[in-house]
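Biologist: I would like to talk through the charged side chains in this structure. Could you walk me through them?

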Amino acid sequence: MEFALKAENIIKYFYEPVEFQALKGLSLEVKKGEFVSLIGKSGSGKSTLLYVLSTMDTDYEGNLEINGETLTGKKQNELARFRNEHIGFVFQFHYLLPEFSVLHNVMLPALKLGRYQRSEIEDRAYEKLKLLGIAEHAPKKASRLSGGQQQRVAIARALINEPAVIMGDEPTGNLDSANTQIVFDIFRELTSKYHQTIIAVTHDDEFARNSDRIIELKDGLII
Amino acid sequence: MLLLFEIAKTQMLSRLKQSIIATLGVTFGIGMFILMISFMTGVNTLLEETMLSATPHIRIYNDIGVQKSSVLHEWKQGKQFVNVVHHIKPKKEKKNLKNGFAIVEDIRKDEQVLGVSPQVSTQVFYNYGAIQIGGSVVGVNIFEENKLFDLVSKMQAGRIEDLLTSNDGILMGVGLARKLNMNIGDKVTVSTPDGTLKVLQVRGIFKYGIGAIDDTRSYANISTVQKMLKEDTRYITDINLKLKDYYQAKTIAQAYQKRYNYKIEDWETANATILVSFTLRNIITYVTSITLLVVAGFGIYNILNMTIYEKMRDIAILKAQGFAEKDVLGIFMIQALTIGVLGGVSGLLIGFLLSWWVSTIPFDSGGFLATETFPVNFNPFHYAIGIVFGVLTTIFAGYFPARKAGKIDPVEILRG
Ligand SMILES: Nc1ncnc2c1ncn2[C@@H]1O[C@H](COP(=O)(O)OP(=O)(O)OP(=O)(O)O)[C@@H](O)[C@H]1O
Ligand SMILES: [Mg+2]
């Protein structure tokens, strides 16, 4: 069985304001094409774990491997490059670049990667927007869209480089139930049809129940 | 790289007003620098030219000083005697250059020399009724002198040739003529230091625009002055030189000093105090300009800091998506450089237009300087300094905020 992501014995301390162990040596493996929900009480360490897994937080102990590549100990520059190519991130708040058009927002990570010509990237970005049902908003400024629409743009952006793993920190946390359903369906389709791997933090029980697997955190450990 | 430009551009356009203000800061700084330096060096050049229009590049004369030793000193010197001669005074000595014309011929052969004018000068009193006015009469070959100082252009009345047609003719400085109430054809009695009286006739009036000359000097033929001093036709007191390149004066003077046993003085040494004032003026110009640029630099620093503060979230998003530290640094350096280059170029333009405008403003120097408008220099070198300095300032001012942006930790921002 191929793993998309493998984390071993992850320990994370915070030192401010007082020393505090947020992650207490947890390990997890996520298979390719799996749709995993990360749940747990507020303060249990879900976000902290996700930032470690996303390579943005490098100040941890343990070992992290994505797509068969060991990431622990790599330099910031290499990690940036790796994130660009292999990790898509969806935030709770939609976090688009407000001055750029919807299409441009989706194109940026691909332009950065530079794997394709600009015209091709534009076509691909359109494709992703179509997949998420918001292609008609492509030329609009990102800040002009509704919350649910923006979240779908953010997902399209996370998909643009066809990453090994898509991670979301409460990607539906700000959406109403109808929009939550839309996002869930998209995730479902991405995993089953396109074999994308998804790890999503959620407080939504129904969302979690309908995913492939639930990982529950408590006080920095998986239960 | 293109992508970074794209992002930088979008960010700048989205805060167009602040970007323009920051750019204007640089524009103002560089513009004022160009205006000031052009004007200051214009003034310096004008003063230098005015000075040189009346000053020989090199002057050779017999510097009569106090003898350092007396005959007594030479006698039994160094033995057990102590010889004391109190307050030694110079002997009566002629002020002339003994082999003057030979030196003149010798110097004429020098490639670097443009013109040589041997002369006999003497202090005189101009008698004006009961009043005596001190001054000098300089005996010259008027055509040689013209070659050095372009006397033709300085004639207010009469022509220089008129001097040759009479034995007792003089060309008189305009200030002196006014004091003595002289016009062409009028006669004046002068007395030499040894009391000889001589009647001279004004054949022309010249104006250098320098009071020290115009108020005291008259030109006469060499022979006229030689006769006044009761000297023979080989008697000359000064040799004045004009060089092809007057910045060589010092070196050439030093070379001559080795060859000729007289005082050789170059114009820079003779006018050292004026040259110091040039230097001081230049320093003031540069200090003020640098201050202006530093202020502009603070403007850039400020605007970038604000941008970064406001765009913290965007920076975090970019980094989360795989933009590296150097990419973010690049985005903000591009913004700083854009401000610097746009501001710099428009500053040069504004500076040029302002200097040009100043150069057309009428300026009345009271006839002391040969100019009707404010003097302004248009030197491409200053423009080069301006742009280089402007861009350097922006790079410097932009680097620190940009580096800060590059170091932003996305996790801290995104955790909210
Ligand atoms: N920057 C920080 N400095 C210090 N402590 C922190 C920091 N970030 C998180 N913590 C602590 O680490 C623990 C885990 O936080 P985390 O944000 O991972 O919780 P979470 O499970 O995501 O909670 P929520 O569901 O509310 O988002 C909490 O006790 C929190 O106070
Ligand atoms: Mg959280």
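**Charges and salt bridges**

Modeller: Gladly! Chain A has 27 positive and 31 negative side chains, and the centres of the two sets lie 4 Å apart. Please keep in mind that this is a predicted model.

Biologist: Thanks! How many salt bridges are there over all chains?

Modeller: Side chains of opposite charge can pair when their charged atoms come close. The cut-off here is a Lys or Arg side-chain nitrogen within 4 Å of a carboxyl oxygen of Asp or Glu. Over all chains, the count by this rule is 25.

Biologist: Which residue of chain B meets Arg118(A) in a salt bridge?

Modeller: The N to O distance in this salt bridge is 2.9 Å. The pair crosses between chains, from helix 4 (residues 118–131) of chain A to helix 1 (residues 2–14) of chain B. The partner of Arg118(A) is Glu6(B).

Biologist: And is Glu6(B) buried or exposed?

Modeller: Let's take both partners. Arg118(A) has a relative accessible area of 40%, so it is partly exposed. For Glu6(B) the value is 16%, and buried means under 20%. Glu6(B) is therefore buried.

Biologist: Next, Lys128(A) and Glu162(A): how many residues apart in sequence are the parts that this pair ties together?

Modeller: These two form a salt bridge, with their closest N and O atoms 3.3 Å apart. Lys128(A) sits in helix 4 of chain A, while Glu162(A) is in the loop between helix 5 (147–159) and strand 7 (165–169), so the parts tied together are separated in sequence by 34 residues.

Biologist: Which of those two partners is buried?

Modeller: Glu162(A) has a relative accessible area of 42%, so this residue is partly exposed. The other partner has a relative accessible area of 12% and is buried: Lys128(A).

Biologist: Now to chain B: which residue forms a salt bridge with Asp106(B)?

Modeller: The closest N and O atoms of this pair are 3.5 Å apart. Asp106(B) lies in helix 4 (residues 100–108) of chain B and its partner in helix 10 (residues 249–259), so the pair ties together parts 153 residues apart in sequence. Asp106(B), at 28% relative accessibility, is partly exposed, and so is the partner at 48%. That partner is Arg259(B).

Biologist: One last thing: which residues do salt bridges with shared partners join into one network?

Modeller: We have already met one link, the salt bridge between Lys128(A) and Glu162(A). Through shared partners, salt bridges join these residues into one network: Glu120(A), Arg124(A), Lys128(A) and Glu162(A).

Notes
Residues numbered from 1 in each chain as written. Chains lettered and ligands numbered in written order. Predicted model: local features only at pLDDT ≥ 70, side-chain atom pairs only at ≥ 80, totals over all residues. Heavy atoms only, no water. Lys, Arg positive; Asp, Glu negative; His and termini not counted. Charge placed at Lys NZ, Arg CZ, Asp CG, Glu CD. Helix = DSSP H or I, 4+ residues; strand = E, 2+ residues; numbered from the N terminus. Buried < 20%, exposed > 50% of the residue type's maximum accessible area, 1.4 Å probe, protein only.
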